[in-house]
2 protein chains.
Amino acid sequence: MSDETERRLTIDDVAKVAGVSRSTVSLVLRNSGLVAERTKIAVREAAERLGYVYNRTAAIRARHSYLVGIIIPDLTNPFYSELTAGVDQVLNDSGWISLLGNSWESSASQEKILRRMHEQNVDAVIICPVTAADQSAAENLARSGLRVLQVLRRTEADTSYLGIDYAHGVALAVDHLSELGHTDIVLLGGERVYSAATERYEGYISSMRSHGLEPRHVPCALRRSAAAEKVRELFDKEERRPTALVCFNDVVAIGAMASLERMGLKVGRDVSVVGFDNVADAEFVQPPLTTIDTHARQLGERAATLVLDSIRNGSPMSATTIMETSLVVRDSTGKAPLRS
Amino acid sequence: MSDETERRLTIDDVAKVAGVSRSTVSLVLRNSGLVAERTKIAVREAAERLGYVYNRTAAIRARHSYLVGIIIPDLTNPFYSELTAGVDQVLNDSGWISLLGNSWESSASQEKILRRMHEQNVDAVIICPVTAADQSAAENLARSGLRVLQVLRRTEADTSYLGIDYAHGVALAVDHLSELGHTDIVLLGGERVYSAATERYEGYISSMRSHGLEPRHVPCALRRSAAAEKVRELFDKEERRPTALVCFNDVVAIGAMASLERMGLKVGRDVSVVGFDNVADAEFVQPPLTTIDTHARQLGERAATLVLDSIRNGSPMSATTIMETSLVVRDSTGKAPLRS
DNA sequence: CTGAAAGCGCTTACAG
DNA sequence: CTGAAAGCGCTTACAG
């Protein structure tokens, strides 16, 4: 049928075959109400028969690019892959497609990705900004003229924000442990200073205070291995061993649990551990992890929905949306051991 | 500085300020060697000062779109998120950007994504095709004129392929268990028929035979919960309990282990479990999981590299590339228990 | 080395 | 309802 010369078919080819003008084909392809039903059918048939593929790239005068960027710091963290899957799902269902950017917490690569997405003319970008975001990065974000929704972390940049009530989530964890009789409850994780960390921290401090307990924060990097090591140090010396750990997220909790088991401490009996996120594995580690569910998938879906509504209506997004968390009790938490 | 009327700046604006022609600006932006150094500097300064952002979308005559699609069946599986992170990394480093598509194993949505990526004029697509891929989907893939690289799964579609030596990987697992004295070794997982499943299956069968052992395959869906349930059924009755499980992947293994522990069986002593992939959590579950490392990240990097080389040189990709796996021994495997 | 002109494959008024 | 013309913001020969 077609020659070797791989020329991509154009709207004009379709027009010729269908016996209409280029404008009419264009209208049909975008499903305009202006065109007669018969004409539509003829055009669609011609396009189908020829194997024509619409070239959105050439539609530079169109209102939308149907591209939305999603920038996250670490796709490898199950929380973020879940979030990304949620975003992608909703975008796809609506005819949009996601441009992915994994920044690895590097503000340099975040900047690069952001610019490239801008160049590709994205209709919006959903971004969980890197913790090290310098002022200028934040400024650029707001000034760019891009429609941007920050998620999970809130920087100086004056854009819309979709977040989680971290403070309340941590309070749920502390309340749960306090009810079980724990008094030495350590907050594990979070070295850097950024909103998602300080909100957790403040939630922890104030809920410890409200129970009349003395807070203790042990900062650590958000990797399984770093958490494992920190916990080893923490329990190495006999004195001041906490009886419970509130972890920054499930990844930290899983690292911590592995370390405790290796030291011969039984999680859920000798030491209680609470995670944060309710990642897919949380239910299947040993013992199953008590955690604060942050509903990653729904969060992603929500982010995409907010952004799409705004794109389609040309309306601004609501400035701030906060989602609630919930406590999921499993076996990694139990009654506080008796004081020895 | 700029008015309210959010008109995006064009190359002409830059040209005017820099005092050169539009063509010259275009050449500078693409870093052509044709332009004098002084001119380049002047143009770049003007662009910078104005805050001009290149509009790649309008460059419809350019050779590349700088977009590469990556389509996977489940971003939520840590293996795929690792793979995707690898792809994204390499693409970003080279100035490309990834268009993400999560098909959720649905061939309908795979088709939609593929078409949308084609419409967006991607330079290539890296795809792990859905298992249910019908003939027509595969045909389309090959005929589309798109540059496509299939990864992990090989369909009828006649495109380049980057895969893993699954058969050998499974054989490594069986050899390991056989050396530990196991004879009742079950292959757990893989219901559907597609290359990555049959290759594992064949590797299992032939290596069991070579050890003079009787193979037994227990199909099950590739989710933690499904695996947990299948294992419960399998160990429910006293007779014919296997002493070792070779799992389709780590997700299955983690589900299986959770179930065994719940039944009071000690993994690594009563039952040995081998996973597949060496996912990040494998090292941190209890007990740490013996598994076959499929090097997901490197695989993704390799896929991106193959595709980029082909894009840049306009050369075809090598038809088939197969990567090797390696055995990682941890505590989930141990000597076969004595026959009771 | 640089610019004027034509072109890419669409969309958008506008006329009928 | 449909088509001819102009336009989008770039790139690409081509001339000098």
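**View 1. Ser23(A) reaches a base of DNA strand D.** A polar side-chain atom of Ser23(A) sits 2.7 Å from a base nitrogen of DNA strand D. Please keep in mind, here and in every view below, that this is a predicted model. Another contact to a base comes from chain B, where an N or O atom in the side chain of Arg61(B) is 3.1 Å from a base oxygen of DNA strand D. The backbone of DNA strand D is touched too: a phosphate oxygen is 2.9 Å from an N or O atom in the side chain of Tyr52(B).

**View 2. The wider surroundings of DNA strand D.** There are 26 residues around DNA strand D, and those that come nearest are Thr39(A), Arg22(B), Ser26(B), Arg30(B) and Tyr54(B). Sorted by class, this surface has 13 nonpolar, eight polar and five charged residues. Helix α2 of chain A and helix α2 of chain B each supply at least two of its residues. On the DNA side, 66% of the atoms of DNA strand D within 4 Å of the protein belong to sugar or phosphate, and the rest to bases.

**View 3. DNA strand C and its neighbours.** Of the 26 residues around DNA strand C, the nearest are Arg22(A), Ser26(A), Tyr54(A), Ser23(B) and Thr39(B). Sugar and phosphate make up 66% of the atoms of DNA strand C that come within 4 Å of the protein. The surface here divides into 13 nonpolar, eight polar and five charged residues.

**View 4. Side chains from both protein chains meet DNA strand C.** A polar side-chain atom of Tyr54(A) lies 2.4 Å from a phosphate oxygen of DNA strand C. Arg61(A) turns up at a base: an N or O atom in its side chain is 3.1 Å from a base oxygen of this strand. For Arg61(B), the partner is a base nitrogen of DNA strand C, at 3.2 Å from a side-chain N or O atom. The elements that give two or more residues to this surface are α2 (22-29) of chain A and α2 (22-29) of chain B.

**View 5. How the two protein chains are related.** A turn of 180° with a shift of 0.0 Å along the axis lays chain A on chain B, with an RMSD of 0.0 Å. That is the relation of a two-fold axis. Look for Leu99(A) here: its C-alpha is the one in chain A nearest the axis, 2.3 Å from it. The copies meet through the same surface, because 100% of the interface residues of chain A are also interface residues in chain B.

**View 6. The open sheet of chain A.** Six strands line up in the order β7-β6-β8-β9-β10-β12 of chain A, with mixed pairing. At the edges are β7 (216-218) and β12 (326-328) of chain A, each pairing on one side only. Neighbouring strands are turned by 25° against each other on average, direction ignored. Strand β6 (residues 185-188) of chain A pairs with β7(A) in the parallel sense over three bridges, and Leu188(A) stands opposite Val218(A).

**View 7. Helices on the sheet of chain B.** In chain B, six strands also form an open sheet, in the order β7-β6-β8-β9-β10-β12. Three bridges join the parallel strands β6 (residues 185-188) and β7 of chain B; Val186(B) has Arg216(B) as its bridge partner in β7(B). Helix α8 (residues 195-210) of chain B packs on this sheet, touching β6, β7 and β9 of chain B, and its direction makes about 175° with that of β6(B). Helix α7 (residues 166-179) of chain B lies across β6, β8, β9, β10 and β12 of chain B, running at about 160° to β9(B).

Methods: Residues numbered from 1 in each chain as written. Chains lettered and ligands numbered in written order. Predicted model: local features only at pLDDT ≥ 70, side-chain atom pairs only at ≥ 80, totals over all residues. Heavy atoms only, no water. Near = heavy atom within 4 Å. Polar contact = N/O pair within 3.5 Å; in protein donor to acceptor, adjacent residues only side chain to side chain. Helix = DSSP H or I, 4+ residues; strand = E, 2+ residues; numbered from the N terminus. Nonpolar A, V, L, I, M, F, W, Y, C, P; charged D, E, K, R; others polar. Least-squares fit on C-alpha atoms with pLDDT ≥ 70 in both. Contact = heavy atoms within 4.5 Å. Pairing = 2+ DSSP bridges. Axes fitted to C-alpha atoms, helices over the stretch in contact; angles between N-to-C directions.
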